[in-house]
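Grab your viewer and work through these exercises with the model open. Try each task before you read its solution.

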Amino acid sequence: MEEHVQMLADWLNGHTGGTIVIEKQELEDQDKIFFKLDRVDYRDASSVIDDYLDSALILHGTGSTMNADGELVNLPLHSYEIAVSGLAFASADERKVQAKTDRAKYTLALE
């Protein structure tokens, strides 16, 4: 696991049991997710059969997202994936992490 991926995994593991607010900006799409984090796993792209699956941190727990009408809607799965290809930190402290990947910009903060 790359150093920045390990740093993000460590930050997330330090906050299991709590609620993380995940803001993701990908192209013109912005998502805001409220996620009660139970545990974090790592998926290495080289260990999966499907070519379309990238390396990712897989957050397990329950969550909801804000829909276009401003209402909270439950996530369909009990997990949330952060693809980590090209992961780099913009800033990080105990309560908040800002990072970017090849695909998106993320802000993760404690609720």
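**Exercise 1. An aromatic pair**

Is Y80 buried or exposed? Then work out which ring it pairs with, and what the pair joins.

*Solution.* Keep in mind that this is a predicted model.

Step 1: Y80 has a relative accessible area of 12%. Buried means under 20%, so Y80 is buried.

Step 2: look for its partner. The count of aromatic pairs comes to 1, and that pair is F35 with Y80. The ring centres sit 6.5 Å apart with 50 degrees between the planes, which makes the pair tilted.

Step 3: place the two residues. F35 belongs to strand β2 and Y80 to strand β5, so the pair ties together parts that are 45 residues apart in sequence.

Step 4: check the partner's accessibility. F35 comes out at 0% relative accessible area, so F35 is buried as well.

**Exercise 2. Mapping the core**

Which residues touch the most other members of the largest nonpolar core, and which element gives the most to this core?

*Solution.* Step 1: the largest nonpolar core has 23 residues, and L12, I22, F35, L57, L59, Y80 and L108 are the ones that touch the most other members.

Step 2: sort by element. Two or more residues come from each of α1 (3–13), β1 (19–26), β2 (29–43), β3 (56–66), β5 (79–83), β7 (96–100) and β8 (105–110). The top contributor is α1, with 5 residues.

Step 3: zoom in on I22. Leaving out residues up to four places away in sequence, I22 touches D31, K32, I33, F35, L59, Y80, Y106, T107 and L108.

**Exercise 3. One face of a helix**

Find the buried residues of α1. Why can you say they line one face of the helix?

*Solution.* Step 1: the buried residues of α1 are V5, L8, A9, W11 and L12.

Step 2: look down the axis of α1. Its buried residues fall within an arc of 160 degrees, so they line one face of the helix.

Step 3: see what covers them. The cover includes β1, β2, β3, β6 (88–92), β7 and β8.

**Exercise 4. Following the charges**

How many salt bridges are there, and which residues are linked in a network?

*Solution.* Step 1: the count of salt bridges comes to 4.

Step 2: start from E26. Its side chain meets that of K24 at 3.1 Å, N to O. E26 also forms a salt bridge with R103, at 3.7 Å, N to O. The R103 pair links distant parts of the chain, with R103 in the loop between β7 and β8 and E26 in strand β1, 77 residues apart.

Step 3: put these together. K24, E26 and R103 are linked in a network of salt bridges.

Step 4: compare accessibility. E26 is partly exposed at 22%, whereas K24 counts as buried at 14%.

Step 5: pick up another bridge. D41 pairs with R39, the closest N and O atoms being 3.3 Å apart. Here D41 is partly exposed at 30%, and R39 is partly exposed at 44%.

**Exercise 5. A histidine in a strand**

Where is H60, and what is it in contact with beyond its neighbours within four places in sequence?

*Solution.* Step 1: H60 sits in strand β3.

Step 2: its relative accessibility is 17%, so H60 counts as buried.

Step 3: list the contacts. Without neighbours within four places in sequence, H60 is in contact with F35, K36, L37, D38, R39, D41, H78 and S79. That list includes D41 and R39, which form a salt bridge with each other.

Definitions and conventions:
Residues are numbered from 1 along each chain as its sequence is written. This is a predicted model: local features need pLDDT of at least 70, side-chain atom pairs count only at pLDDT 80 or more; totals for chains, interfaces and linings use all residues. Side-chain values use heavy atoms; hydrogens and water are left out. A nonpolar core is a set of buried Ala, Val, Leu, Ile, Met, Phe, Trp, Tyr and Cys residues joined through side-chain atoms within 4.5 Å. Buried means under 20% relative accessible area, exposed over 50%, partly exposed in between (1.4 Å probe, protein chains only). Helices (H or I, at least four residues) and strands (E, at least two) are DSSP runs, numbered from the N terminus. Contact means heavy atoms within 4.5 Å. Rings of Phe, Tyr and Trp (its six-membered ring) pair if their centres lie within 6.5 Å; planes under 30 degrees apart count as stacked, over 60 as edge-to-face and the rest as tilted. The arc is that of the directions from the helix axis to the C-beta atoms.
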